[in-house]
Amino acid sequence: MKREQGTLLAAFALSLRAERKEESTILLYVNALEGLLARLEGSGGIAAATPSDLLRYREALLASGMKRATINKRMSIARSFFHWAGREGLANPDVADGLRLEADAAPPVRWLSEPEERALLEAASTDGNSERSVRNAALVAAMLYAGLRVKEVSALRLDALRHARLIVHDDDGVGDSPARVVPLEDDRAIVPLARWRAHRLASIHAKHKESLRFFVTERSGMMQPRAVQFAVESLSAKAGFPVRCSELRHTYCRRLAAQGASVERVRDWAGHKSAQTTLRYFEGLEGRTGNHRRGSDEPRDD
């Protein structure tokens, strides 16, 4: 039976190559199908497979603790396989149709309270050597008071700070078109960013002089996204409570909403693709300005 399964998967892989699928995609499909085909062997193979068989397979994956997004990918692969098998006269082509699960509920959104903001800023301003403390204070400001995503912090360019505006790119450092321009209406953003820029421009390190990036590390002319996350994790430990980079951005959006900014303004300044994302930051604010409490249902990276 194992040989028959291998022959079947090899034939399916050949059809995927004919569709010019990437080899990595083909390998993903084949690996995902191995468990399904092994399960169906005991009940007559793919020729005898029924929607109930596929449903039981889906429920077994769910019971194993597999994420719904991964299960949906498996169901999509199974659907493609059975459509192919149907064209080949090997199985009912519709067996795996309509088996996608509803997506997992988004994890609760969290934004910082004012005491937490102060504690995090204090941790940043007293973090080790002077260069690191100046840089980390600016890192926090870029996310907490300008709403940048981690990848945008990493891609920020040396000339990004212009008067009271921050020119934001989300690319790999090439191209001239910014993703957006963020007005900096808070000195808590302008002062640490300007201070770091002055420090950065005065650097004598060769890698820093050659780099066009705003944020650098002690050893590199670029601060990778993981390095940004690691810096915030370190500050989180020092401040005494857990903080993720996304929560700094959430705090920025919530603050704008609480201060009376329009949905359009928050959406534009934060760079949200959907107004539905923006609207979540306004929940519970009717008649209450300055509210910095925590929300409940915002995705992590908007």
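These are my notebook entries on confidence, nonpolar cores and cysteines in a predicted model.

**Confidence**

I began with pLDDT. The protein has a mean of 88. I noted that 89% of its residues reach 70 or more. Then I looked for the weak stretch. Over residues 287–301, pLDDT stays under 50. For that stretch the model has 41 contacts beyond four places in sequence. I treat those contacts with caution.

**Largest core**

Next I asked which residues have the most contacts inside the largest nonpolar core. They are Leu166, Leu193 and Phe215, in a core of 54 residues. I then listed the elements that each supply at least two residues of this core. Among them are helix H5 (114–125), helix H7 (150–155), helix H8 (187–201) and helix H10 (225–239). Strand S2 (165–168) is also on the list. Helix H6 (130–144) gives the most, with nine residues.

I followed Phe215 outward, leaving aside residues up to four places away in sequence. Phe215 touches Leu193 and Trp196. Its other partners include Arg135, Ala138, Leu139 and Ala142. Phe215 also touches Val153, Leu156, Gly221, Met222 and Met223.

**Second core**

Apart from the largest core lies another, of 31 residues. I found Leu16, Leu33, Ile46 and Phe82 among them.

**Cysteines**

How many disulfides does the structure hold? I found zero. I then checked burial for two cysteines. Cys245 has a relative accessible area of 8%, so I count Cys245 as buried, the cut-off being under 20%. Cys253 is buried too, because its relative accessible area is 0%.

Methods: Residues numbered from 1 in each chain as written. Predicted model: local features only at pLDDT ≥ 70, side-chain atom pairs only at ≥ 80, totals over all residues. Heavy atoms only, no water. pLDDT = per-residue confidence, 0-100. Contact = heavy atoms within 4.5 Å. Core = buried A, V, L, I, M, F, W, Y, C linked by side-chain atoms within 4.5 Å. Buried < 20%, exposed > 50% of the residue type's maximum accessible area, 1.4 Å probe, protein only. Helix = DSSP H or I, 4+ residues; strand = E, 2+ residues; numbered from the N terminus. Disulfide = S-S within 2.5 Å.
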